[in-house]
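Me: I am new to this structure and would like a close look at a single part of it. Please take one strand, follow its pairing, and then tell me how far the model can be trusted.

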Amino acid sequence: MNPFTYVWFIIMKTAVFFRFSSSTQDDCRLIQFSGHEEGKALVDHVIAKPVVLTESMCKVQCYLDDDCVSFNFGKSVTDGNNTCELSNSTDRAYLKTRKHYTYHETQNACHSAPCLNGGKCQYGFTRKTFRCLCGDGFIGEMCEKELPCGTVFDFENGLSGWSRTGTVFENQPTYGDNPTARNRGQPSNHQGDWWIGGYEHRPSPSHPAGRVQGDGPTGSLTSPSFVIGGNSFTFLIGGGCDIGLLRAELIVEGNVVLQETGNCHESMTEKSWDVSGYIGRQAQLRLIDNSSVGWGHINFDQFEEICP
Ligand SMILES: [Ca+2]
Ligand SMILES: [Ca+2]
């Protein structure tokens, strides 16, 4: 690091400190300006025109805008209002002659377009001097990996790969609209033939319709692990409404990050979870029944990932 770069780094780190209340290593930006040209300006890539007094302040503004890789500074010859134009390109095909302007460019590592699959490149971040902000459906340092998407738990093929605790889910999934079969007046609203009905006891079509196990049994049911690739999940949920005891949970890398309960009605309704903050992370779905009193059961079906 040459002395000029070092001083610039210290100044800019101070500026960044005031902008972010907290920062990770990836938030730190270190950029190097490689030179300037008098009488020139880069056109058609201006992303901001902050009001500044001096050329140095324009440079600071470029540092603080994560997409800025060059800037034009125009010195006023009349009213003293100088012009600062931040640009997101260093493509010299767009460099034009312009009187009273100076063009400054960085050693823009994004110039070679290193980010794949439509990922957005930002110069000055990470040890490799750029970072990639991946578009929907992609992940990885260079956005090189396509995310799996399309997780569906519909219970139409049993519970292979799921784990249970307690006894409440031992006889699941439930076949058909068992609440209607016992004249409950609240149809299950399940999809397909099978669903999770914590009050029900109809584990096969050959079992008599309408039988129940009641609210007494408790336990949990945890799905196989999956990678989140979409922005949201939709699902059907019903049964009890005490979220402290009865709920569906989304677990991301061991931590419960989202939860939802029923509506104290047997008929399931559709709910959704925004998981855009967890894309690329390992997750599991877990159903919890820790209640043995009235409405002490959970109904669930059709957990479905919405893909880009
Ligand atoms: Ca189903
Ligand atoms: Ca129960």
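Reply:
**Strand β14 and its partners**

S163 has T222 in β14 as its bridge partner. The model is predicted, so that local features are given only at pLDDT of at least 70 and side-chain atom pairs count only at pLDDT 80 or more, while totals for chains, interfaces and linings use all residues. Residues are numbered from 1 along each chain as its sequence is written, and chains are lettered from A and ligands numbered from 1 in the order in which they are written.

The strand that holds T222 is β14, residues 219-222, and 4 bridges join it to strand β11, residues 163-166, in the antiparallel sense. Here strands are DSSP runs of E with at least two residues, numbered from the N terminus, and two strands pair if DSSP finds at least two bridges between them. β14 is also joined by 4 bridges to strand β20, residues 282-289, and these two run antiparallel; in this pairing G219 stands opposite D289.

As for the wider setting, the domain assignment, which is automatic or taken from a database, gives domain 1 as 3-107 and domain 2 as 152-306, with their C-alpha centres 54 Å apart.

Confidence is expressed as pLDDT, the predictor's confidence in each residue, from 0 to 100. Its mean over the protein chain is 91, and 92% of the residues reach 70 or more. Over residues 1-24, however, pLDDT stays under 50, and the model has 13 contacts there beyond four places in sequence, a contact being two C-beta atoms, placed from the backbone, within 7 Å. Where pLDDT is low, the predicted coordinates should not be read in detail.
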